[in-house]
Amino acid sequence: MNFKMIADDVLYISGRGAVVMGKIISGEIHPNDKVTVLDKAEKPIAHNLQARVVINENKKDDSILLLLDGITRADIDFEKGYIIIKENENDIQ
């Protein structure tokens, strides 16, 4: 099953990246997986981001934190409802 997470909130940490809080809708994610961020219309706005997962085991309906390395507010100004998917799990161009 493909990983999909809906962002609820984000915290930007200078020198580290963006910590995205949200709920897993499907699938699971592991440390160092590459992810894509989609806007609310499911259009890609960032590709090939490295995700660091705060917990190693996760499943559908879990609320988790993802650290997206090196992301600043200038790169992506997250809004509630943005979607994060694992790379290569969607044929997004």
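Modeller: A strand here is a DSSP run of E that holds at least two residues, and strands are numbered from the N terminus. With that in mind, please remember as we talk that this is a predicted model.

Biologist: In which strand does P44 lie?

Modeller: P44 has a relative accessible area of 33%, and because partly exposed covers the values between 20% and 50%, this residue counts as partly exposed. Its C-alpha atom is separated by 9.9 Å from that of Y82, although the two residues are 38 places apart along the chain. The strand in which P44 lies is β4.

Biologist: In what order do the strands of the closed barrel run?

Modeller: Strands of a sheet pair through backbone hydrogen bonds, and they may do so in a parallel or an antiparallel way. Here six strands form a closed barrel with antiparallel pairing, and the twist from one strand to the next averages 45°. The order around the barrel is β1-β2-β5-β4-β3-β6.

Biologist: How many bridges join strand β1 to β2?

Modeller: Strand β1 covers residues 4-13 and runs antiparallel to β2; one example of the pairing is A7, whose bridge partner in β2 is G22. These two strands form a hairpin with three residues between them, and in this hairpin G15 takes a positive phi near 85°. The number of bridges that join β1 to β2 is nine.

Biologist: Is strand β2 mostly covered or mostly uncovered, and how many of its residues are buried?

Modeller: Strand β2 spans residues 17-26, which makes 10 residues in total, and it is mostly covered. Besides its pairing with β1, this strand is joined to β5 by seven bridges, again antiparallel. The number of buried residues in β2 is seven.

Biologist: Which residue in β5 stands opposite G17?

Modeller: Strand β5 comprises residues 63-69 and runs antiparallel to β2. The residue of β5 that stands opposite G17 also forms a salt bridge with R52. That residue is D69.

Biologist: How far apart are the closest N and O atoms in the salt bridge of R52 with D69?

Modeller: Side chains of opposite charge can pair when their charged atoms come close. The structure holds six salt bridges, and this one links distant parts of the chain, with R52 in strand β4 and D69 in strand β5, 17 residues apart. Both partners count as partly exposed, because R52 has a relative accessible area of 34% and D69 one of 25%. The closest N and O atoms of the pair are apart by 3.0 Å.

Biologist: Which residue forms a salt bridge with K59?

Modeller: K59 is exposed, because its relative accessible area of 53% is over the 50% cut-off. In this salt bridge the closest N and O atoms are 3.5 Å apart. The partner of K59 is D62.

Biologist: Which residue forms a salt bridge with D77?

Modeller: D77 counts as partly exposed, with 45% relative accessibility. The closest N and O atoms of this salt bridge are 3.4 Å apart. The partner of D77 is R73.

Biologist: Is the aromatic pair of F78 and Y82 tilted or stacked?

Modeller: This is the one aromatic pair that the structure holds, and both of its residues, F78 and Y82, are buried. The ring centres lie 5.9 Å apart and the planes make an angle of 50°. Because stacked planes must be under 30 degrees apart and edge-to-face planes over 60, an angle in between makes this pair tilted.

Biologist: Which members of the largest nonpolar core touch the most other members?

Modeller: This core contains 23 residues, and the elements that give two or more residues to it are β1, β2, β3, β4 and β5. I84 gives a picture of how such a member is surrounded, since its contacts beyond four places in sequence include V20, V37, L66, L68 and F78. The members that touch the most others are V37, L68, F78 and I84.

Biologist: Which residue in β4 stands opposite V37?

Modeller: Strands β3 and β4 pair in the antiparallel sense over four bridges. V37 is also one of the contacts of I84. The residue of β4 that stands opposite V37 is A46.

Notes:
Residues are numbered from 1 along each chain as its sequence is written. This is a predicted model: local features need pLDDT of at least 70, side-chain atom pairs count only at pLDDT 80 or more; totals for chains, interfaces and linings use all residues. Side-chain values use heavy atoms; hydrogens and water are left out. Rings of Phe, Tyr and Trp (its six-membered ring) pair if their centres lie within 6.5 Å; planes under 30 degrees apart count as stacked, over 60 as edge-to-face and the rest as tilted. Buried means under 20% relative accessible area, exposed over 50%, partly exposed in between (1.4 Å probe, protein chains only). Two strands pair if DSSP finds at least two bridges between them. A nonpolar core is a set of buried Ala, Val, Leu, Ile, Met, Phe, Trp, Tyr and Cys residues joined through side-chain atoms within 4.5 Å. Contact means heavy atoms within 4.5 Å. A salt bridge is a side-chain nitrogen of Lys or Arg within 4 Å of a carboxyl oxygen of Asp or Glu. Axes are lines fitted to C-alpha atoms, for helices over the stretch in contact, and angles run from 0 to 180 degrees between N-to-C directions.
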